[in-house]
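Here's a quick tour of one protein chain. Have a look at the picture first, then we'll pick out a few spots worth finding.

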Amino acid sequence: MTERPIPPSGDKRVLYGYWRSSAAYRVRIALHHKGLAFDNAPVSLIRGEQSLAEHLARNPQGLVPVLYDAGAVLTQSLAICEYLDEAYPDTPRLLPAHPLERARVRAMAQLIACDVHPLANLRVLKYLEAELGLDAAGKQAWVARWLSDGLAALEALAAPLAGDYLFGDAVTLADVCLVPQLYNARRFDVDLAPYPLLRRIDATLAELPSFQAAHPSQQPDAA
């Protein structure tokens with residue numbers, strides 16, 4: 001049985017991630033939004049550091065992010081964000097108090113994180129190229145198809161719920177997922193014109209210091 005790694009420096013909070021990873025981007029936003037200090041520990045997905053034994057001891061999936069917090073090792077971005085909400089209840093909440101409202105926010109967050117993002121993940125794109133022989137144009141078409149389907153559904157789902165943000169006038173987990181996904185969409189030249197609500201909310205979120213600090217361009221390992 002593989003022994004779980006000991007968190008560095010005792011209870012020090014450390015985020016293992018990659019500057020352009022959408023999942024790590026979500027956790028950075030959550031940490032900054034809640035005012036929780038942390039150290040960045042880059043894991044280069046391009047150089048394959050996620051597959052090294054040292055990182056596999058942190059996360060057997062070989063994925064980022066991994067968060068060390070209070071002596072615990074945490075994986076999966078949405079699970080980490082919900083943990084932060086529950087473990088630090090005196091910080092700004094990402095999930096509403098009412099069960100139905102929480103379900104609405106989770107539905108939008110999971111639409112992105114579970115149904116859309118995995119189809120444009122680096123390991124999927126590598127498979128499309130190496131195993132199925134898709135060229136750059138083919139990969140771009142793949143990404144555009146699934147991102148566009150997901151964003152269209154999110155635009156419709158959010159329409160009756162949105163205020164300043166995706167769910168009313170407070171930042172929620174849905175917004176934490178939206179911004180990294182639109183960042184990815186722009187990377188792949190996906191046409192965002194059909195989604196005026198999402199673009200308007202994304203522009204509003206871009207003005208918040210917590211979202212600015214979490215942006216890929218602000219990370220120590222940014223290329």
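Let's start with Gln76: its relative accessible area is 44%, so it counts as partly exposed, a label for values between the 20% cut-off for buried and the 50% cut-off for exposed. Keep in mind that what you're looking at is a predicted model. Gln76 sits in the loop between S4 and H3, and its phi is near 70°, which is a positive value in a residue other than glycine.

**Other backbone spots to find**

- Ala70 also has a positive phi without being a glycine, and its value is near 50°.
- You'll find Ala70 in the loop that runs between S3 and strand S4 (72–75).
- Where is the cis peptide bond that has an omega of about 5°? Look between Val64 and Pro65, the two residues that it joins.
- Pro65 itself belongs to the loop between helix H2 (53–58) and strand S3 (66–69).

**The chain as a whole**

- If you count up the secondary structure of the protein chain, you get 9 helices and 4 strands.
- Going along the sequence, the order is β-α-β-α-β-β-α-α-α-α-α-α-α.
- The chain's radius of gyration is 17 Å, close to the 17 Å that the globule rule gives for 223 residues, so the chain is as compact as a globular protein of that length.
- Along its principal axes, the C-alpha trace stretches over about 50 × 45 × 30 Å.
- Take the contacts between residues at least 6 apart in sequence: 68% of them join residues at least 24 apart.

**Surface, inside and charge**

- How much of the chain is buried? Buried residues account for 47% of the 223 residues.
- The accessible surface adds up to about 10700 Å², and carbon and sulfur atoms own 55% of that.
- There are 21 positive and 25 negative charges in the chain, and the mean positions of the two groups lie 2 Å apart.

**Helix H6**

- H6 covers residues 136–158, which makes 23 residues.
- From its first C-alpha to its last, H6 reaches 32 Å, close to the 33 Å expected at 1.5 Å a residue.
- Among the buried residues of H6 are Val143, Ala144, Leu147, Leu151 and Leu154.
- That buried set also includes Lys139 and Glu155.

**Asp85, in helix H3**

- Asp85 has its place in H3, the helix made of residues 77–87.
- Is Asp85 buried or exposed? Its relative accessibility is 1%, and because buried means under 20%, Asp85 counts as buried.
- Leaving out residues up to four places away in sequence, Asp85 touches Lys34, Pro92, Arg93, Leu94 and Leu95.
- Leu31 is 54 residues away from Asp85 in sequence, while in space the two are 9.9 Å apart, C-alpha to C-alpha.

**Ser210, in helix H9**

- Ser210 is part of H9, which spans residues 209–214.
- With a relative accessible area of 11%, Ser210 falls under the 20% cut-off, so it is buried too.
- Which residues does Ser210 touch, if you skip those up to four places away in sequence? They are Ile29, His32 and His33.

Methods
Residues numbered from 1 in each chain as written. Predicted model: local features only at pLDDT ≥ 70, side-chain atom pairs only at ≥ 80, totals over all residues. Heavy atoms only, no water. Helix = DSSP H or I, 4+ residues; strand = E, 2+ residues; numbered from the N terminus. Expected span 1.5 Å × (residues − 1). Buried < 20%, exposed > 50% of the residue type's maximum accessible area, 1.4 Å probe, protein only. Rg over C-alpha atoms; globule rule 2.2 N^0.38 Å. Contact = heavy atoms within 4.5 Å. Areas by Shrake-Rupley, 256 points an atom, 1.4 Å probe, with all protein chains shown as cover. Lys, Arg positive; Asp, Glu negative; His and termini not counted. Charge placed at Lys NZ, Arg CZ, Asp CG, Glu CD.
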